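Got your viewer open and a selection box ready? Let's walk through this model stop by stop, picking residues as we go.

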Amino acid sequence: MVKNDSSGLRQRQIQSVGQKSGSTTERETKEKSRKPKDGSQPFHYDLWLILALDNWIFDFGRPIAAMFVPLTWTPLDMPSIGDYFHMAYNVITPFCLLKLLERSTHRLSSNVTYLSIIVFVMGASIHLVGDSVNHRLIHLGYKNHLSVAENPIMKELRPKELLKSFELLYRYDEEIGHLMWYIPFFLCLLLYYVGCFTKSSTLSTRVGFVWSSLVLVSGTYYWYLATEGQIFPLFFITYLVMVAVSVLNSFRGLSCDLNGRFLIWTFTLTTVLTGVWSFWLWDDQTLRKKYPGLIYIPEPWAYYTLYLAQ
């Protein structure tokens with residue numbers, strides 16, 4: 001009786017192990033079937049599309065919503081609709097970056113991944129607060145094309161030392177927040193790009209309408225990001241490193257898959273658009289005063305408040 005029970009137990013254990021191994025084999029087969037025959041990663045339409053919508057709606061769209069939604073809906077002592085957009089962006093974007101890095105063929109250190117996302121969320125959250133106050137001040141007459149000290153409403157502050165608090169807020173918003181936000185953001189994209197190369201000689205080079213449309217949409221958004229965020233030097237350094245990685249891998253006989261080509265073409269379009277933008281406003285003396293120095297890249301919202309808002 002005991003022998004029969006033990007033999008039956010062994011059979012059930014063998015069957016369960018067989019079922020698990022069978023399910024694992026089926027899962028691996030499905031995952032392999034999703035990948036192109038050339039061994040590269042399939043184009044991540046889902047993630048790139050979600051990122052594009054997230055960027056345009058919750059990042060580009062938040063100052064528009066904050067400015068044009070009636071104040072009766074969101075009084076000055078309450079978060080604006082743009083702040084809620086920013087909160088959504090601060091959740092969706094790091095989630096998409098994590099999923100993107102998970103799909104990379106180049107296995108990254110978990111410490112690098114976690115630290116990058118943590119710093120990204122912290123920087124974007126710092127920016128949320130500073131940007132919220134800044135856009136509330138616009139309703140009171142604050143001019144984006146002027147520095148904090150040169151704004152008429154700031155000159156009326158009493159005591160005058162209070163101006164330093166607003167300059168500190170501006171520094172958290174436009175400097176500290178932007179650097180902690182964008183350095184890990186571009187680092188994640190760069191690390192993913194490094195894993196987009198394969199030795200296959202039969203790599204697919206065909207691109208469709210959706211791929212081209214996403215390049216156009218994303219490249220235009222990154223132009224806004226690099227100019228409005230005043231982080232073009234950081235963006236351009238990332239772009240140069242990507243170009244260098246591409247050249248080095250070409251000497252090693254490696255080719256870039258559709259995801260990598262999507263990133264490099266997106267960044268190339270952004271660089272061209274930024275150059276055209278700066279060249280167009282090169283002789284603008286008012287904007288030159290706010291953006292001195294060799295690297296002259298005016299903010300689109302400063303241009304809007306100077307020439308279009310009236």
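**Stop 1: the salt bridges**

Start by hunting for charged pairs: there are seven salt bridges, counting a side-chain nitrogen of Lys or Arg within 4 Å of a carboxyl oxygen of Asp or Glu. Before you click on, note that this is a predicted model, where local features need pLDDT of at least 70, side-chain atom pairs count only at pLDDT 80 or more, and totals for chains, interfaces and linings use all residues. Residues are numbered from 1 along each chain as its sequence is written, and side-chain values use heavy atoms, with hydrogens and water left out.

Select Lys289 and Glu150. They form a salt bridge whose closest N and O atoms are 4.0 Å apart. Lys289 lies in helix α10 (residues 285-290) and Glu150 in the loop between α4 and α5 (152-155), so this pair ties together parts that are 139 residues apart in sequence. Helices here are DSSP runs of H or I with at least four residues, strands are runs of E with at least two, and both are numbered from the N terminus. Lys289 counts as exposed at 62% relative accessibility, while Glu150 is partly exposed at 34%. The scale: buried is under 20% relative accessible area, exposed is over 50%, and partly exposed is in between, using a 1.4 Å probe and protein chains only.

Next, try Lys164 and Glu167, with closest N and O atoms 3.7 Å apart in their salt bridge. Both sit in helix α6, three residues apart, about one turn of the helix. Lys164 is exposed at 58%, and Glu167 is partly exposed at 23%.

Stay in helix α6 for Arg171 and Glu175, which are four residues apart, again about one turn. Their salt bridge has its closest N and O atoms at 3.3 Å. Arg171 is partly exposed at 41%, and so is Glu175 at 38%. Then select Asp59, Arg62 and Asp131 together: salt bridges with shared partners join them into one network.

**Stop 2: Asp173, a charge without a bridge**

Now pick Asp173, also in helix α6 (residues 162-194). How far away is the nearest side chain of opposite charge? That is Arg62, at 7.0 Å, and Asp173 is buried with no salt bridge. For this tally, Lys and Arg are positive and Asp and Glu negative, with His and the chain ends not counted.

Which side chain does the side chain of Asp173 make a polar contact with? Show His127: the two are 3.1 Å apart. A polar contact is a pair of N or O atoms within 3.5 Å; within protein, one must be able to donate a hydrogen and the other to accept it, and residues adjacent in sequence count only if both atoms are side-chain atoms. Widen the selection to everything Asp173 touches, skipping residues up to four places away in sequence, and you get His127, Gly130, Asp131, Asn134 and His178. Contact here means heavy atoms within 4.5 Å.

Hop along helix α6 to Leu169. Leu169 is partly exposed, at 24%. Leaving aside neighbours within four places in sequence, Leu169 is in contact with Gly130 and Val133. If you draw a distance from its C-alpha to that of Asp131, 38 residues apart along the chain, you should read 8.9 Å.

**Stop 3: the nonpolar cores**

Hide the charges and go for the largest nonpolar core, which has 58 residues; Trp48, Phe186, Leu189 and Phe267 have the most contacts inside it. A nonpolar core is a set of buried Ala, Val, Leu, Ile, Met, Phe, Trp, Tyr and Cys residues joined through side-chain atoms within 4.5 Å. Elements giving two or more residues to this core include α2 (45-68), α4 (110-138), α6 and α9 (258-280).

Centre on Phe186. Beyond its neighbours within four places in sequence, Phe186 is in contact with Leu225, Ile231, Leu234, Phe235, Thr238 and Phe267. A second, separate core of six residues includes Leu137, Tyr142, Val148 and Leu157.

**Stop 4: the cysteines**

Select Cys196 and Cys256. The Cys256 sulfur is the closest cysteine sulfur to that of Cys196, but at 5.6 Å it is too far for a bond. The structure holds zero disulfides, the cut-off being a pair of cysteine sulfur atoms within 2.5 Å. Cys196 is buried at 2%, and Cys188 is buried at 3%.

**Last stop: zoom out**

Switch to cartoon for the whole chain: 11 helices and two strands. Of its 310 residues, 43% count as buried.
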